[in-house]
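Work through the following exercises with the structure open beside you, and try each task before you read its solution.

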Amino acid sequence: MSKQRLVIIGNGMAPGRLLEHLFEAAPDAYDVTIFNAEPRVNYDRIMLSPVLSGEKTFEDIIIHGDAWYEGHGITLHRGEKVTGIDREARIVTGASGITAAYDKLVIATGSSPFIIPVPGHKLPGVLAYRDLDDVDGMLRAADRGGRAVVIGGGLLGLEAAAGLKSRGMDVTVLHLMPTLMERQLDPAAGYLLQKELESRGIEVRCGANTKAILGEREVEGVELEDGTIIDASLVVMAVGIRPAVDLAREAGLEVGRGIQTDFAMRTSDPDIFSVGECAEVDGRVYGLVAPLYQMAKVAAEHLSGVSEAAFTHAETPTKLKVTGINLYSVGDFGDGPDREDVVLRDAARGSYRRVILQDNRVIGAVLYGDVADGMWYNELLKSGEDVSKMRDTLIFGQAHQGGGVAADPLAAVANLSDDAEICGCNGICKGKIVQAINEKGLTSLGEVRAHTKASASCGTCTGLVEAVMALTLGDTFAKKAEGMCGCTDLGHGEVRRLIKAQGLKSIPAVMQELEWKSSHGCAKCRPALNYYLLSDWPGEYKDDQQSRFINERVHANIQKDGTYSVVPRMWGGMTSSDELRAIADVVDKFAIPDVKVTGGQRIDLLGVKKADLPAVWADLNAAGLVSGHAYAKGLRTVKTCVGSTWCRFGTQDSTGLGIKLEKFLWGSWTPAKVKLAVTGCPRNCAEATCKDIGVICVESGYEIVYGGAAGLHIQGTTKLGTVATEEEVIEIAAAMTQMYREQGFYLERIYKWADRVGYDTVKAAILDDLESRRAYYERFVLSQKFSQSDPWSERVSGVDKHEFKPLAVFGEDLAPATAKVEPAE
Amino acid sequence: MNALTRDTNAWRLIGSIDDIPSQGARCVKNGETTIAVFRTADDRVFALEDKCPHKNGPLSQGIVHDGCVTCPLHNWVISLETGAATGADEGRTASFPVRLDGRDIYLNLEPNLEMGA
């Protein structure tokens, strides 16, 4: 049987999910064509707020990448808006004239943001908050700074406000109603939310009616009905959405508020389905993802065969995706004579919860602050269970119910029934997760996400999913990324992201804002934070010497007896009689016990007393020798062979290129040490194939390899590519170093970083995408401006003098001048 | 000998708290003995013999954090107050009486006897 033709108009989350179900149930039933008005693949629209705030990137929120479309043989017309549906001929036509014939059609046109038609609403600088283009527009505005006015104090408006604030703009929220998020929150919770936002520096004006948007050529301000004028360089309208039904109406389908469908998601034309925000089922339209995914599943079942599947209405809990603000609301919480309220407030902790009962059944709940019990109330709401027996303790949450369940989150999850919903976005219940873990032998969060979709959308249920995993797998479950150290539960990646997203520029700021559990950190987190800040804010952040390991503080390597070793830099491994003579003199003068040649083609002076370091460096400096950074989480050495200068096999000037690379890269701080090598031919005498970055000279140019290791772990390098010129080698090495500097976790070598982020990712960003390579390169050059100075000569001239001298000396015949001996009072 | 009967002349002015970086240390030499004098983030001062109980690492070179110092050789964490190793490690380094008078630091060169007795 030949395949039927399925055409989908719209490429949002609902049709994406529909296709996943369809391919699972009937992989070969349809040839699929998608028309997408947006010029991109399917992404997770509910995660736009973390993109705006900088906590995620667009790549993080892609649901289906190019490979997915290719793999399923889908024809995707990007940036192609559909202009007409010919139901007689069963043909869809796009704006540029592309046509597609269908046997079945799915209309998933979603919704359009509602723009209040006040004067000035068409000025440049007025945006909606709907898609990635809007986010890009907001980010551009945030770069220019100034004040953003967000019209609409609902879910989206507040997420936009928080995101713009974290991007450094002044933000005012205008809300027509007396309290924020009045559709999801009662006034008490709305008040707490407003207070929290105000404490973050966001101005909130409730009861504010916008009269006009002011400006000549672009937005300059907003005028309210009461005459108030607020300056603004950006206006974001987030006052609601309306289903996009024009296309369906023109095609003659039945349309109410949305495109009307039956419970099978079928429109008035039996060959046309509709899912998503544009669809109206049983008189309701939906804007939250959970019911949209349910629509997708129902439609997919009917498309894949005869099915009884029917859409059913369910209350969807609401959460706000603003870091640090926890609220949860579900169901109906309006007042009424037949309703009872149970309220618990804790002013000190700023927490509030209210459960609304009708006939001894939960019909709604609002939680602010501690929201852990939200899910339990939602379960009671869905089951319609009579709660009169637990009426007295209901408000305290599940932990206070009978059965001896202590205030232990694991126990609370253990107590949930199998059909308790864990992931609200995707409608995944506990039993389904347990089943997937057992049947498929899943052991990691990533696998559970891949197989069940649980916690794969907004991610707020990640902790619950992990609890279910822990209960199912027992001790074999290794929790996800551990915190950096005992001072925080956040992992290195989260800390790095939040430093950038929240603009944190000092160690105390990081510890305060990210809620460190210790007062001043520890020896694990402080050096990491110091590096992240130094790397992220070049020229702005002042290096904290006391947060550096001793070797980096005194620019020498501590030895087991408390003496130090000193390694001067020898560019590309080259030296001279003058340098060797100076080294020999220093060895004699300071009675340095051992002199050793290192693996990186340098000379190591071992056993130098700390107090002698400045004098040793002064003598070495005088001969032109500078610090070799043999102690640094930074560029160590560039090992070379003699190359075409001497070697009969050499193809290029490997020594010269090594020297150029070293002179370009030295002084930069990196997450862990960085070692390079340039070898003059594939015989590889400089051992480039086990270095962090290696260059292998060949007749036609330079092969660049990276990600090698020859320490605790042995790993050969991976090839990046071959380039023709030395300039390209240097640009690529600098760009790769910078990418690693920006993404690496402290103490994570290049090979581990590349293993983690993927060699394809590195290659795409550094070799293939010239613009991206250039941007990394330029950021590296900028950072080098602040780091290329010889730390030895700085200390010879007096920097950190205190490091090298005792505070006081007693009990020696020398009668030290620094010692004072005074009787106590 | 204990703190009460200690020779009061043993208190020595060794310098000012400003001579020690916050969350850092400086050394005082007393003949063969080196004493590390620490300054915490909240400007308290402590004095320990500059020898880790593990392998004699110079504690003065470690990172100072929350009333402790992490030895630079093998990351043992030593309490500044008692000189005792924290966590699973066992051992104690000698500690010395030290006090602040305004910004001046006075050190007693006679070590404390074992604490907690």
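**Exercise 1. The largest nonpolar core**

Find which residues of the largest nonpolar core touch the most other members, and then find which helix gives the largest share of this core.

Solution. Begin with the size of the set: in this predicted model, the largest nonpolar core holds 64 residues. The members that touch the most others are A:Met484, A:Val495, A:Trp516, A:Leu529, A:Tyr532, A:Val566 and B:Phe38. Next, look at where the members come from: helix 17 of chain A supplies the largest share of this core, with seven residues. As a last step, set this beside a general tendency, which is that nonpolar side chains in soluble globular proteins tend to be buried together.

**Exercise 2. One residue and its neighbours**

List the residues that A:Val495 touches, leaving out those up to four places away in sequence.

Solution. Contact here requires heavy atoms within 4.5 Å. With the sequence neighbours up to four places away set aside, A:Val495 touches A:Met484, A:Leu490, A:Leu514, A:Trp516, A:Leu529 and A:Tyr532. Now turn to a second core, which is separate and has 47 residues, including A:Met47, A:Leu155, A:Leu185 and A:Val366.

**Exercise 3. The largest cavity**

Describe the largest cavity by its volume, its lining and the classes of its lining residues.

Solution. First count the cavities of 30 Å³ or more, of which there is one. The space in the largest cavity is about 70 Å³. Then go around its lining, where A:Pro527, A:Asn530, A:Tyr531, A:Arg548, A:Lys633 and A:Trp669 are among the residues. Helix 17 of chain A, which spans residues 525–536, provides the largest share of this lining, four residues. Sorted by class, the lining consists of five nonpolar, three polar and three charged residues.

**Exercise 4. The two chains**

Describe chain A by its helices and strands, its buried residues and its contacts, and then do so for chain B.

Solution. Start with chain A, which has 27 helices and 42 strands, and in which 53% of the 825 residues are buried. Of its contacts between residues at least 6 apart in sequence, 61% join residues at least 24 apart. Its accessible surface is about 36,300 Å², and carbon and sulfur atoms account for 51% of that.

Chain B has 10 strands and zero helices, and 54% of its 117 residues count as buried. Among its contacts with a separation of 6 or more, 39% are between residues 24 or more positions apart. Chain B exposes about 5,200 Å², with 45% coming from carbon and sulfur atoms.

Key. Residues numbered from 1 in each chain as written. Chains lettered and ligands numbered in written order. Predicted model: local features only at pLDDT ≥ 70, side-chain atom pairs only at ≥ 80, totals over all residues. Heavy atoms only, no water. 1 Å grid on protein atoms, 1.4 Å probe; cavity = no way out; pocket = protein on both sides within 12 Å on 5 of 7 lines; lining within 4 Å. Points joined across faces, edges and corners; volume = space filled by probe spheres on them. Helix = DSSP H or I, 4+ residues; strand = E, 2+ residues; numbered from the N terminus. Nonpolar A, V, L, I, M, F, W, Y, C, P; charged D, E, K, R; others polar. Buried < 20%, exposed > 50% of the residue type's maximum accessible area, 1.4 Å probe, protein only. Areas by Shrake-Rupley, 256 points an atom, 1.4 Å probe, with all protein chains shown as cover. Core = buried A, V, L, I, M, F, W, Y, C linked by side-chain atoms within 4.5 Å.
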